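Thanks for coming, everyone. I would like to walk you slowly through one model this morning, so please have the sequence and the picture ready before we begin.

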Amino acid sequence: MVAALADPRLSPCPRHAAGADYRGYDLPPAFRENIISAEPDDHRRLRRLVTPLMDRAAAHRARLRFRRAAEQALLAAGERFDLVQDFAGPYVAASTADWLGLPRAQREAYTAWANRVVGPDSATVRARDTLPAMAAIVEALPPLPGMGPGESTAMLFYLLFVWYEICVDAVASSALVAAEHGDFRRWQWAADEALRRHTPQTTTFRRFATEDIRLADATIEAGQTVLLSLAAAGREGGPHVAFGYGPHRCPGEPIAAALIREALTVLDGRVQIPEQAVEWRSGLRTHGPRGVRARRAEGTDSGGTGTV
Ligand code: HEM
């Protein structure tokens, strides 16, 4: 799997696609100049531009604000609540809006959008039906530094839309694993275990074979589509590859890790998550718990005690 992820003969550039053997949904044209589909030179340039927004230093700067967002989400969730809808969803939305510095109008629109995607009606809301609302938010934002307007719009779409649900899945799954082991302090261990066992982005984005290739015992013809299963790789033993591998490996891992860390720190000792049969939501590319019953731990108030 790791070799396939780094294999230059499997390219995400649509120019190598031969035809219609893959029926994922087509992105609106406004989002097509994205980092994943970019040609190698543009890809390297976009990666250089976006990385400072999400590297370790950026994550470190964001931690306190993530902590505050987690405190507020827990406070608003009440005594008995759903860990996904009432905590992870609003927490990740508020943190993302904050981290990207969304102006008030877009922040409110984003929170409303997020509530549709993971809120009470989420079972009947298809992500593609929310694209117009997301386009309106993204197109009203100022361009990201150094990027052309199309590149910036596509990048903001990926940051606000694509990784939102994946981060909610990762936060909720990590909390579930921590609760199962009765230990929220070993957040890194819980996160790695959740990313391996419940890999939130189940496959890579599509790749196209640039020539005929042999992969394991399959022959892939030039132009055919390949989806590499990150979830299956996680079950093969060894370290998980939930953040991918190779030139497109996730540069947002430090922000994702900070989101998980602050959530688990705030939940530590303040919630009870009983053992339960969890229903898992599985889309083509995302995987996470649909709902998780939780309640405030007895004898705890909603005020934060954690220190950074
Ligand atoms: C637990 C949460 C996350 C997971 C599991 C995850 C996973 C991934 C994976 C697997 C890829 C590579 C896809 C491929 O090779 O086709 C990727 C790419 C990417 N991720 Fe993440 N991601 C997460 C959170 C984030 C966050 C929070 C951000 C932004 C702050 C982010 C930004 C990006 C970007 C910009 C790329 C494109 C990299 C490129 O094409 O060079 N991710 N992510």
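Before I turn to the ligand, let me fix one term: a residue counts as near a molecule if one of its heavy atoms lies within 4 Å of it. Please also keep in mind throughout that what you are looking at is a predicted model.

With that cut-off, 27 residues surround the ligand, and the closest of them are His43, Arg47, Arg207, His248 and Cys250. The space that the ligand takes up is the largest cavity. If we sort the residues of the shell around the ligand by character, we find 19 nonpolar, six polar and two charged ones.

Which helices supply at least two residues each to this shell? They are α2, which covers residues 40-54, α7, which covers 149-180, and α10. Of these, α7 gives the most to the shell, with five residues.

Let me now go to the iron atom of the ligand, for which the only protein donor is the SG atom of Cys250, at 2.3 Å. If you want to find Cys250 in the picture, look in the loop between α9, residues 230-234, and α10, residues 253-267.

There are also polar contacts to the ligand, and I will mention three side chains. An N or O atom in the side chain of His248 is 2.6 Å from an oxygen atom of the ligand, and for the side chain of Arg207 the corresponding distance to a ligand oxygen is 2.7 Å. In the side chain of Trp163, an N or O atom lies 3.3 Å from a nitrogen atom of the ligand.

Next, I would like to leave the ligand and look at helix α4, which spans residues 83-99 and is mostly covered, with twelve of its 17 residues buried. Among the buried ones are Leu83, Val84, Phe87, Tyr91 and Trp99. As a general reminder, an α-helix has 3.6 residues a turn, so residues three or four places apart point the same way. At the start of α4, a side-chain oxygen of Asp82 reaches to within 2.8 Å of the backbone nitrogen of Val84, while just after the helix Gly101 takes a positive phi of about 60°.

Finally, a small detail in strand β1, residues 10-11, where Ser11 lies. Is Ser11 buried or exposed? Ser11 is buried, because its relative accessible area is 7%, and buried means under 20%. A polar atom of the Ser11 side chain lies 3.0 Å from the backbone nitrogen of Cys13.

Definitions and conventions:
Residues are numbered from 1 along each chain as its sequence is written. This is a predicted model: local features need pLDDT of at least 70, side-chain atom pairs count only at pLDDT 80 or more; totals for chains, interfaces and linings use all residues. Side-chain values use heavy atoms; hydrogens and water are left out. Buried means under 20% relative accessible area, exposed over 50%, partly exposed in between (1.4 Å probe, protein chains only). Helices (H or I, at least four residues) and strands (E, at least two) are DSSP runs, numbered from the N terminus. A polar contact is a pair of N or O atoms within 3.5 Å; within protein, one must be able to donate a hydrogen and the other to accept it, and residues adjacent in sequence count only if both atoms are side-chain atoms. Donors are N, O and S atoms within 2.8 Å of the metal (3.2 Å for Na, K and Ca); water is not among the atoms, so sites may look incomplete. On a 1 Å grid over the protein atoms alone, a cavity is a set of points where a 1.4 Å probe fits but cannot get out, and a pocket is an open set with protein on both sides within 12 Å along at least five of seven lines; lining residues have an atom within 4 Å of a point. A molecule sits in a cavity or pocket if more than half of its atoms lie within 2 Å of its grid points. Ala, Val, Leu, Ile, Met, Phe, Trp, Tyr, Cys and Pro count as nonpolar, Asp, Glu, Lys and Arg as charged, and the others, Gly among them, as polar.
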